[in-house]
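Reader: I would like a close look at one part of this model, together with whatever it pairs with or packs against. Please start from a single residue and work outwards.

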Amino acid sequence: MLTNKTILITGGTGSFGKSFTRYVLTHYAPKKIIIYSRDEFKQWVMADEFKEYAEKLRFFIGDVRDLERLRRACEGVDYIIHAAALKQVPSCEYNPNEAIKTNIHGAMNVIDAALDCGVHKVVALSTDKAVNPVNLYGGTKLVSDKLFVAANAYAGNKDVCFSIVRYGNVAGSRGSIIPIFDKIIKEGGTELPITDTRMTRFWISLTEGIELVIKALAEAKGGETFISKIPSFKVTDLAEAMLPGCKLKEIGIRPGEKLHEIMVTTEDSATTYEYDKHFIVYPQMTWNNRQQPDLSGTKVTDGFSYSSDNNTEWLSVEDIRERLKEV
């Protein structure tokens, strides 16, 4: 599928972009991968890390806010993976205009560049925070998701489709709880801070996130939201797995934080189908005859929701310890 294809990754120097690039170069034979991002130093570091693949990689300095630069970068591109975003909740709350410019206007620019340059497929990375958002970051990503779904209305006769993948914080990613606990433990701490002892989260690895994007590239017809079926864990169990017998200090939920991660809402249940390893939320509208959903899955019941607290698969403390070895 990706053999001899040109792929552009916005925000390509981030954790996902680097892991996705290595995964594709290892498992496929792409023609070219274009890393599109703002930070020249991160591009320099990434180029050094991937120097054995130098002939396959191109580095474009650019911002998703800049439509003309995106158009230039998208010339000859087959697939776009849109990973660029302002993601830190407090930063977005303090700088709302900047979050809107990157997460919403940037999404619009990616869509316009893809339509103008003959790109065939676009997969946008979403987040659980876009579901029933309680902070500005989630609100901007909700709008972004809606834009990518509706972009299929503008495809006309062009061979292009736009879809979304949705997951929560990747295990061990920057700003997530695992690095915070790890830092405290390495500094000799014996007490770990818990915002709320009832809190649950989904567990997804970078590899699982990448495989979901690959699935969307292979199967999307336009407007779908792909969601992995992954296990849940209690944050208190994570603390026990990382520091057995530790004391827990409940510090209260931070502004914009949720008790549980939600991936599928009851409102989405009307168009959601369950498959062996994932769910797909299909768009409520269709705009062209290429949008032929794969309805081989099982339609979920009305009122169904998929949340980290109502999941059917849970990680034990021992399960978490095993998974931490790969983080």
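Author: Start with Asn-4, which counts as exposed because its relative accessibility is 53% and the cut-off is over 50%. The model is a predicted one. Asn-4 sits in the segment before E1. Its phi is positive, about 60°, although Asn-4 is not a glycine. Most residues other than glycine have a negative phi.

A second asparagine shares this feature. Asn-132 has a positive phi of about 45° and is not a glycine either. Asn-132 belongs to the loop between E5 and helix H6 (136-150). With a relative accessibility of 45%, Asn-132 counts as partly exposed, because that value falls between the limits of 20% and 50%.

Both segments lead to the part to look at closely, the sheet. Ten strands make up this open sheet, in the order E3-E2-E1-E4-E5-E6-E9-E14-E13-E15, with mixed pairing. At its edges are strand E3 (57-61) and strand E15 (298-299), each of which pairs on one side only. Helix H2 (residues 40-49) packs on the sheet and touches strand E2 (32-37) and E3. The direction of H2 makes about 170° with that of E3, a roughly antiparallel arrangement because the angle is over 145 degrees. Helix H5 (residues 96-117) also packs on the sheet, in contact with strand E1 (6-10), strand E4 (79-82), strand E5 (121-127) and strand E6 (161-167). The angle between the directions of H5 and E4 is about 180°.

Within this order, E5 has E4 on one side and E6 on the other. E4 and E5 are parallel and share four bridges; one of the pairs is His-82 with its partner Ala-124 in E5. E5 and E6 are parallel as well, joined by seven bridges. Ala-124 stands opposite Ile-164 in E6. Ala-124 thus has a bridge partner in E4 and another in E6, because His-82 pairs with it from one strand and Ile-164 from the other.

How many residues of E5 are buried? Seven of its seven are, and the strand is mostly covered. Lys-121, Val-123, Leu-125 and Thr-127 point one way from E5, while Val-122, Ala-124 and Ser-126 point the other way. Both sets are buried.

Further along the order, the sense of pairing changes. Strand E9 (residues 225-228) runs antiparallel to strand E14 (residues 278-281), and four bridges join them. One pair in this stretch is Ile-227 with Phe-279 in E14.

Lys-121 of E5 also leads to a helix. Apart from neighbours within four places in sequence, Ala-218 contacts Met-1 and Lys-121. Ala-218 lies in helix H8 and is partly exposed at 48% relative accessibility. Ala-218 and Ile-253 are 35 residues apart in sequence, and their C-alpha atoms are 39 Å apart in space.

H8 in turn meets another helix. The axes of helix H1 (residues 15-27) and helix H8 (residues 206-219) come within 10 Å and cross at roughly 65°. H1 and H8 are therefore roughly perpendicular to each other, and their crossing is right-handed. On the H1 side the residues that meet H8 are Ser-15, Phe-16, Ser-19, Phe-20 and Tyr-23. On the H8 side they include Leu-206, Ile-210, Val-213, Ile-214 and Leu-217.

Strand E7 (residues 191-194) is not in the ten-strand order. E7 runs parallel to strand E11 (residues 247-250), and four bridges join the two. Ile-194 has Glu-250 of E11 as its bridge partner. E7 has a covered face, with Leu-192 and Ile-194, and an uncovered face, with Glu-191 and Pro-193.

That leaves the cysteines. What does a search of the whole structure find for disulfides? It finds zero. Cys-161 is in no disulfide, and the nearest cysteine sulfur, that of Cys-74, is 15 Å away; the pair does not qualify because a disulfide needs sulfur atoms within 2.5 Å. Cys-161 counts as buried, because its relative accessibility is 6% and the limit is under 20%. Cys-92 is buried too, with a relative accessible area of 1%.

Key:
Residues numbered from 1 in each chain as written. Predicted model: local features only at pLDDT ≥ 70, side-chain atom pairs only at ≥ 80, totals over all residues. Heavy atoms only, no water. Pairing = 2+ DSSP bridges. Contact = heavy atoms within 4.5 Å. Axes fitted to C-alpha atoms, helices over the stretch in contact; angles between N-to-C directions. Buried < 20%, exposed > 50% of the residue type's maximum accessible area, 1.4 Å probe, protein only. Parallel < 35°, antiparallel > 145°, perpendicular 65-115°, else oblique. Left-handed = near helix turned anticlockwise from the far one by under 90°.
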